[in-house]
Amino acid sequence: MPPLDLVALEGDQRELYDRYATGQRVAANVGFRLVAEDGQLLGPPAAWMLSPPVGIGLERAGFALRFALALPDRWREIVILMVAAHEDSAFERFAHRQGARAAGVTDAEIGQIQAGTFTPAGAVEAVLVQATTSLLRRAGLNAKEWSAAESALGHRAIFEVVTLVGWYRLMALQLRVFRLEPPTADAIHSET
C-alpha cells in the first residue's frame with residue numbers, strides 16, 4: 001500500500017482516518033492501536049482507504065466487534081487468536097496478542113492457541129473453543145455442538161462468535177491480498 005499523504009486527506013478519507021486516530025480506539029486501555037508512530041494506518045484500515053465509504057462501514061462494524069460485544073473480552077480475544085492461527089494471519093496474531101494480554105489471556109495460553117493445544121479455563125470456555133473450532137473447520141455446528149453452545153453460551157453469544165469468526169476471516173483475506181504485515185518482523189518475534 002502506498003503511504004498516505006496525511007495533509008491531503010479530506011472528506012470520507014479524513015473521516016475514516018480520524019476514526020482510528022482519535023477517540024476510544026486510542027484510549028490508554030486499548031490493547032493495540034492501528035495508527036503507527038508516523039501516522040500511517042496499520043492493518044486492514046490501510047486498505048480501506050482505497051474505498052473510504054466502504055471503509056467507514058467496515059470501521060463501524062469493527063468498532064462494534066471490539067467495543068460492543070456481550071462476550072467477555074477474554075473470550076473475544078481467544079476466538080480472534082484462534083482465527084489468526086487457523087488463517088496464519090501474522091498481523092492479527094501481532095495485534096491480538098496485545099489485546100489478549102490486556103484481556104487477561106496469559107502468554108502461555110496465547111502460545112497454546114497458536115499451537116492448537118489450548119486448554120480452556122472451565123466448561124463454558126471449553127464450549128466456546130469447541131464451537132469456534134467447528135466454525136473454523138466446518139463453517140458450522142452440528143446438532144450436538146449447537147445444543148451445547150445454546151445451553152452454555154446462549155443465542156447472543158453464539159451470534160457474536162459466528163460473527164467474530166467471519167469478520168476475522170475477512171480481515172485475514174484482506175491482509176493477505178494487500179500484503180499488510182505487522183509493523184516489523186522483530187515485533188512478532190518479541191511477542192512470542
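**View 1. Arg176 and its partner Glu87 in the predicted model.** Start with Arg176, which counts as partly exposed at 44% relative accessibility. In this predicted model, the Arg176 side chain meets that of Glu87 in a salt bridge, at 3.5 Å from N to O. Glu87 sits in helix H4 and Arg176 in helix H9, so the pair ties together parts of the chain that are 89 residues apart in sequence. Glu87 itself is buried, with a relative accessible area of 16%; the cut-off for buried is under 20%. So what we have here is a buried Glu87 paired with a partly exposed Arg176.

**View 2. Arg25, a buried arginine in the loop between H1 and H2.** Is Arg25 buried or exposed? With a relative accessible area of 6%, Arg25 is buried, even though this residue belongs to a loop, the one between H1 and H2. Leaving aside neighbours within four places in sequence, Arg25 is in contact with a mixed crowd: Arg19, Tyr20, Val30, Phe32, Arg33, Glu59, Gly62, Phe63, Arg66 and Phe67. One of these, Glu59, also makes a side-chain to side-chain polar contact with Arg25 at 3.2 Å.

**View 3. The Arg25 and Glu59 salt bridge.** Here the side chains of Arg25 and Glu59 meet as a salt bridge, 3.2 Å from N to O. The pair links distant parts of the chain, with Arg25 in the loop between H1 and H2, Glu59 in helix H3, and their positions 34 residues apart. Both partners are buried. Which other residues join them through shared salt-bridge partners? Glu15 and Arg19 do, which puts Glu15, Arg19, Arg25 and Glu59 into one network. Across the whole structure there are 14 salt bridges.

**View 4. Asp18 and Arg14, a salt bridge within helix H1.** Now for a pair inside a single helix: Asp18 and Arg14 both lie in H1, 4 residues apart, or about one turn of the helix. Their side chains meet in a salt bridge at 3.3 Å, N to O. Asp18 is partly exposed, with a relative accessible area of 31%, and Arg14 is partly exposed as well, at 26%. As a general point, side chains of opposite charge can pair when their charged atoms come close.

**View 5. Leu41 and the largest nonpolar core.** This core has 50 residues, and Leu41, Leu153 and Leu164 are those with the most contacts inside it. Helices H1, H2, H3, H4, H5, H6, H7 and H9 each give two or more residues to the core. Which helix supplies the largest share? That would be H9, with 9 residues. Zooming in on Leu41, and skipping its neighbours within four places in sequence, the residues in contact are Leu4, Tyr17, Tyr20, Leu34, Val35, Ala46 and Met49. In soluble globular proteins, nonpolar side chains tend to be buried together.

**View 6. A nonpolar patch on the surface, with Leu50 as one of its members.** The last view goes to the outside, where Met1, Leu50, Leu170, Leu173, Val177 and Phe178 form a nonpolar patch. Together these residues have about 520 Å² of accessible area. Leu50 lies in the loop between H2 and H3. Leu50 is also exposed, with a relative accessible area of 52%; the cut-off for that label is over 50%.

Notes
Residues are numbered from 1 along each chain as its sequence is written. This is a predicted model: local features need pLDDT of at least 70, side-chain atom pairs count only at pLDDT 80 or more; totals for chains, interfaces and linings use all residues. Side-chain values use heavy atoms; hydrogens and water are left out. A nonpolar core is a set of buried Ala, Val, Leu, Ile, Met, Phe, Trp, Tyr and Cys residues joined through side-chain atoms within 4.5 Å. Buried means under 20% relative accessible area, exposed over 50%, partly exposed in between (1.4 Å probe, protein chains only). Contact means heavy atoms within 4.5 Å. Patches are made of residues with over 30% relative accessible area and no salt bridge: like charges are joined within 9 Å, nonpolar side chains (Val, Leu, Ile, Met, Phe, Trp, Tyr) within 5 Å. Accessible areas come from the Shrake-Rupley method with a 1.4 Å probe; for residues, only the protein chains shown count as cover. A salt bridge is a side-chain nitrogen of Lys or Arg within 4 Å of a carboxyl oxygen of Asp or Glu. A polar contact is a pair of N or O atoms within 3.5 Å; within protein, one must be able to donate a hydrogen and the other to accept it, and residues adjacent in sequence count only if both atoms are side-chain atoms.
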